[in-house]
Amino acid sequence: MVTGKILFSLTLIISGLALGSLLQVMVEKRYPSRREELDSIRIGIQKGVLLVIIPITIIGALWILRIDDLRVIALPGVGAFHYILGGAMAIFAARIMGLGKKETGSLFCCGFFTNIGSMGGLITYILLGEEGYALVPVYKLFAEILYYTLGFPMAKFFSSESGEKEPLGSIITRVMKDNFLRVALLAMVLGGILNFGGLERPLFYRDLNSLLIPLGTFLMLLAIGMAMKFSSMGSFLREAGAICIIKFLLVPIMLAGFASLLGFGGIREGLLLKVVVILSLMPSAFVSLIPPSIYDLDLDLANTCWLVTTFAMVLVIPVLFYILPFLD
């Protein structure tokens, strides 16, 4: 059973990335004039997952979420601390390595932006079922807000065009106009209303989520594979190694300790602690490549760190299967 879950997770991740990468290579070699068309398809897939598939799964999962302990309220704070901690450690690592301003900005992006939604959601679902998956949107409640109010402004600070600061009011307005944030919040509100309203969830919803959660992750990985770039990877393995240490060792240790101090291990046989441990071990998000691209940071460095941490999940997933039983 455990072996089957490991193989399913790894097969889904590897096949999604590989197929997307293969499609990219085929288009570039045989139909180079259709590169823009492929990019449009990739963006369309990502939008479809973020605006349709993930909201449906969030509604269904939150519909049956049990909030039988007030300590659950602290979970979004732990999630926010996750992003901030990863970004701060990346800046510290960049200082130790003597990186320039643009390289530091890219390293910050890879430490700060984390793949909690698609990758974290999938692995949490496979390991802990819908009960665990329902806590993922709670954990990342402040993610989009932090992305726009802290992540992007910090990345811009490290760019060569960082002289002018965006007013706080303008940032908040831009955040609230983001359709992805609006849909995610709407899904959470609907799920909460259905939960507290006492309406029983239809039986088919469990089967629907068991299909949509893996499908959504596969499609996101397929889209990511369509944009993967392997050039110049050899030049930034030291920086990628530093991000791996941050994301797969330092941040998880600190978050697990923090969650333990909050008493998460004593809630529902350690369910909250397990969710924190799983999500603390996620790789850099694809969005970590966007600020380096638009703010003229080191895109090759960011691309390398993102690729290395994503492929490192092949090793991380079996470790997760091994350590979770000890958190009961």
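# Salt bridges and spaces, step by step

User: Why is Asp-296 called partly exposed in this predicted model?

Analyst: Asp-296 has a relative accessible area of 39%. The label covers values between 20% and 50%, so 39% earns Asp-296 the name partly exposed.

User: What makes Asp-296 and Lys-102 a salt bridge?

Analyst: Their side chains come to 3.0 Å, N to O. The cut-off for a Lys nitrogen and an Asp carboxyl oxygen is within 4 Å, so the pair passes. Lys-102 sits in helix 4 (residues 101-112) and Asp-296 in the loop between helix 13 and helix 14, so the bridge ties together parts 194 residues apart in sequence. As for Lys-102, its relative accessibility is 31%, so this residue is partly exposed too.

User: How many salt bridges are there in the structure?

Analyst: Five. Generally speaking, side chains of opposite charge can pair when their charged atoms come close.

User: How do you know that Glu-130 and Arg-201 make one of them?

Analyst: The distance is 2.7 Å, N to O, and that is within 4 Å, so the pair counts. Glu-130 belongs to helix 5 and Arg-201 to the loop between helix 9 and helix 10, so parts 71 residues apart in sequence are tied together. Both Glu-130 and Arg-201 are buried, which means each has under 20% relative accessible area.

User: And are Arg-268 and Glu-131 buried or partly exposed?

Analyst: One of each! Arg-268 has 16% relative accessibility, which is under 20%, so Arg-268 is buried. Glu-131 comes out at 34%, between 20% and 50%, so Glu-131 is partly exposed.

User: What makes those two a salt bridge?

Analyst: Their side chains meet at 3.3 Å, N to O, and since that is within 4 Å, the name fits. Arg-268 lies in the loop between helix 11 (237-261) and helix 12 (271-280), while Glu-131 is in helix 5, so the pair links parts 137 residues apart in sequence.

User: Now for the empty spaces. Why is the largest cavity called a cavity?

Analyst: The name goes to a space where a 1.4 Å probe fits but cannot get out. The largest cavity here holds about 60 Å³, and the structure has one cavity of 30 Å³ or more. Helix 5 gives the most to its lining, with five residues. Among the lining residues are Ile-53, Gly-117, Tyr-133 and Leu-212.

User: How do you know that Gly-117 counts as polar and Tyr-133 as nonpolar there?

Analyst: Gly is grouped with the polar residues and Tyr with the nonpolar ones, so that settles these two. The whole lining splits into six nonpolar, six polar and no charged residues.

User: What makes the largest pocket a pocket, and what lines it?

Analyst: A pocket is an open set of points, unlike a cavity, where the probe cannot get out. The largest pocket holds about 1300 Å³. Of its 47 lining residues, the closest to its centre are Leu-50, Met-220, Phe-286, Val-287 and Ile-290. Helix 2 gives the largest share, 10 residues. By class, the lining has 30 nonpolar, eight polar and nine charged residues.

User: Which classes line the second largest pocket?

Analyst: There are 12 nonpolar and two polar residues, with no charged ones. Leu-62, Leu-65, Ile-67, Val-138 and Met-188 lie nearest its centre. Leu, Ile, Val and Met count as nonpolar, so these five residues do too. This pocket has a volume of about 300 Å³, and helix 9 gives the most to its lining, with six residues.

Notes
Residues numbered from 1 in each chain as written. Predicted model: local features only at pLDDT ≥ 70, side-chain atom pairs only at ≥ 80, totals over all residues. Heavy atoms only, no water. 1 Å grid on protein atoms, 1.4 Å probe; cavity = no way out; pocket = protein on both sides within 12 Å on 5 of 7 lines; lining within 4 Å. Points joined across faces, edges and corners; volume = space filled by probe spheres on them. Helix = DSSP H or I, 4+ residues; strand = E, 2+ residues; numbered from the N terminus. Buried < 20%, exposed > 50% of the residue type's maximum accessible area, 1.4 Å probe, protein only.
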